[in-house]
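Hi everyone, thanks for making room for me today. I'd like to walk you through one chain, going from the whole fold down to a few single residues.

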Amino acid sequence: MTLTRFSFPTPIHFGPGARRLVAQHLLDAGCRRPLIVTDRALGALPVLAEFRTHLSGLDVAVFDGVFGNPTASQVMAGAAAFKAHRADAVIGFGGGAALDVAKVVGVMAVHEGDVLEYVWDHPQVRAIVAELPYFVALPTTSGTGSEVGRSSVISEDDTHVKRVVFSAKILARAVFADPELTLALPPAITAATGMDALTHNVESYLSPAYHPLCDGIALEGTRIAARALATAVAEPVNLQARADMMMASTMGAIAFQKDLGAVHSCAHALSAACDMHHGLANALMIDTVLAWNFEAVPEKFDELAHVCGLAGDGAAFVPWLRELKARIGITGGLALRGVTAAHLPRLVELAAADICHQTNPRPCSAADFERLFQAAM
Ligand SMILES: [Zn+2]
């Protein structure tokens with residue numbers, strides 16, 4: 001037996017109204033001048049103004065320069081805003097993009113150089129040595145689960161290549177997961193982000209890495225998402241369904257410290273080559289890739305079918321996924337979303353180079369990726 005280390009370190013305040021606890025939490029931590037890091041679109045919406053009404057007693061500034069797939073220059077602008085405000089804490093408020101930027105704004109506020117010098121595979125990667133500003137995270141979508149993750153995905157400005165800062169030091173000191181923040185999300189975003197959360201749970205469970213703790217979380221996260229996703233899409237103000245999806249999202253991201261699989265390699269390629277939304281990309285690929293994975297681990301598909309409450313064995317899981325996609329309005333394949341045969345070589349190249357499929361339950365070659373993309377067209 002090999003020795004394995006497990007870590008589930010983030011304190012999570014979960015439930016409706018959790019956002020109202022942030023101010024006292026920061027005051028107790030000795031913070032007075034937080035910088036909110038958020039999306040440009042969110043900065044103009046009532047949800048941010050409402051959140052700010054719960055921050056009395058604090059001197060708050062807002063950096064809302066996050067948009068699209070966030071870039072290094074956005075991070076550096078956020079760090080400049082932190083210094084200009086003489087801030088002492090970061091509040092990440094938003095979807096995965098805003099939270100990923102928020103995680104490293106604190107790093108660049110107290111370290112030299114450019115954020116891309118801190119990505120894990122930089123040939124002369126710089127170390128995070130200084131103590132980081134206090135950081136709390138509030139997700140406003142239920143998909144990436146970035147609030148509990150220890151990686152930050154930042155794109156190079158000119159090439160759009162995604163780079164990853166990976167360190168336990170950038171974990172949030174506390175998460176405030178408040179499903180009321182997601183009540184205004186439109187159905188299409190709920191559907192796409194929710195499929196990302198479901199994919200995290202399913203792919204991490206199917207990964208062969210040894211992590212029984214994450215396997216348990218992934219199966220329960222799958223069960224919760226399977227129960228709630230269609231309701232959250234059909235009834236946007238159903239608070240129970242919103243809470244379930246936020247929990248499934250958090251659980252999916254905790255589970256995928258165990259690793260993901262080939263669905264995510266395809267999704268990363270589709271985002272880079274075709275600028276496709278990450279959750280939608282997963283949704284368009286998951287049934288095709290899992291149908292192909294099935295023969296490698298049929299007993300695991302039995303478990304997935306069981307937690308989703310399906311009558312049959314593991315063979316029922318992929319048909320159920322297709323039915324779920326139709327119910328939440330994700331119909332048609334890649335071709336309907338602007339992907340053409342001309343994109344294929346680049347998609348195959350990017351997916352094959354992506355690290356996620358190394359823990360796919362079935363080895364996935366470039367030729368396999370080509371067949372999978374074609375099947376999903
Ligand atoms: Zn994902």
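Let's start with contacts: among those with a sequence separation of 6 or more, 78% join residues that are 24 or more positions apart. Please keep in mind throughout that this is a predicted model.

What is the chain built from? There are 14 helices and eight strands. How does its radius of gyration sit beside that of a compact globule? For 377 residues such a globule would come out near 21 Å, and the chain has 20 Å, so the two agree. If you like box dimensions, the C-alpha trace spans about 55 × 50 × 45 Å along its principal axes.

Now the surface. Of the 377 residues, 56% count as buried. The chain exposes about 15,500 Å², and carbon and sulfur atoms supply 57% of that area. For those of you who think in electrostatics, there are 28 positive and 37 negative side chains, and the centres of these two sets lie 4 Å apart.

Let me zoom in on a hairpin. Strand β6, residues 151-155, pairs with β7 in the antiparallel sense, over five bridges. Six residues sit between the two strands, and in that turn H160 has a positive phi of about 65 degrees. If you want a landmark for the pairing, look for S155, which stands opposite K162 in β7.

Strand β7, residues 162-166, is a nice one to look at side-on, with side chains that alternate. Which of them are buried? R163 and V165 are, and they point to one face. K162, V164 and F166 point to the other face and are not buried. Yes, that puts an arginine on the buried face and a valine and a phenylalanine on the other one.

Positive phi turns up elsewhere too, in residues other than glycine. One of these is R86, with phi near 50 degrees. R86 is in the loop that links α4 (72-84) to β4 (89-94). Is R86 buried or exposed? Its relative accessibility is 61%, over the 50% mark, so R86 counts as exposed.

Another is D259, where phi is near 110 degrees. D259 belongs to the loop between α8 (239-255) and α9 (262-274). Its relative accessible area is 35%, so D259 is partly exposed.

On to a histidine. H211 lies in the loop between α6 (187-206) and α7 (212-234). Why does H211 count as buried? Its relative accessibility is 7%, and anything under 20% is called buried, so H211 qualifies. And what is H211 in contact with, once neighbours within four places in sequence are set aside? The partners are F6, F8, Q257 and K258.

From that loop we can step into helix α7 itself, where we find R223. At 33% relative accessibility, R223 counts as partly exposed. R223 and D100 are 123 residues apart in sequence, and their C-alpha atoms are 27 Å apart in space.

One last residue, back at the beginning of the chain: T4 is in the segment before β1 (12-14). T4 is partly exposed, with a relative accessible area of 33%. Between T4 and Q240 there are 36 Å from C-alpha to C-alpha, for a sequence distance of 236 residues.

That's my tour, and I'm happy to rotate the view for anyone who wants another look.

Conventions. Residues are numbered from 1 along each chain as its sequence is written. This is a predicted model: local features need pLDDT of at least 70, side-chain atom pairs count only at pLDDT 80 or more; totals for chains, interfaces and linings use all residues. Side-chain values use heavy atoms; hydrogens and water are left out. Helices (H or I, at least four residues) and strands (E, at least two) are DSSP runs, numbered from the N terminus. The radius of gyration is taken over C-alpha atoms; the globule rule is 2.2 Å times the number of residues to the power 0.38. Buried means under 20% relative accessible area, exposed over 50%, partly exposed in between (1.4 Å probe, protein chains only). Contact means heavy atoms within 4.5 Å. Accessible areas come from the Shrake-Rupley method with a 1.4 Å probe; for residues, only the protein chains shown count as cover. Lys and Arg count as positive and Asp and Glu as negative; His and the chain ends are not counted. The place of a charge is taken as NZ of Lys, CZ of Arg, CG of Asp or CD of Glu. Two strands pair if DSSP finds at least two bridges between them.
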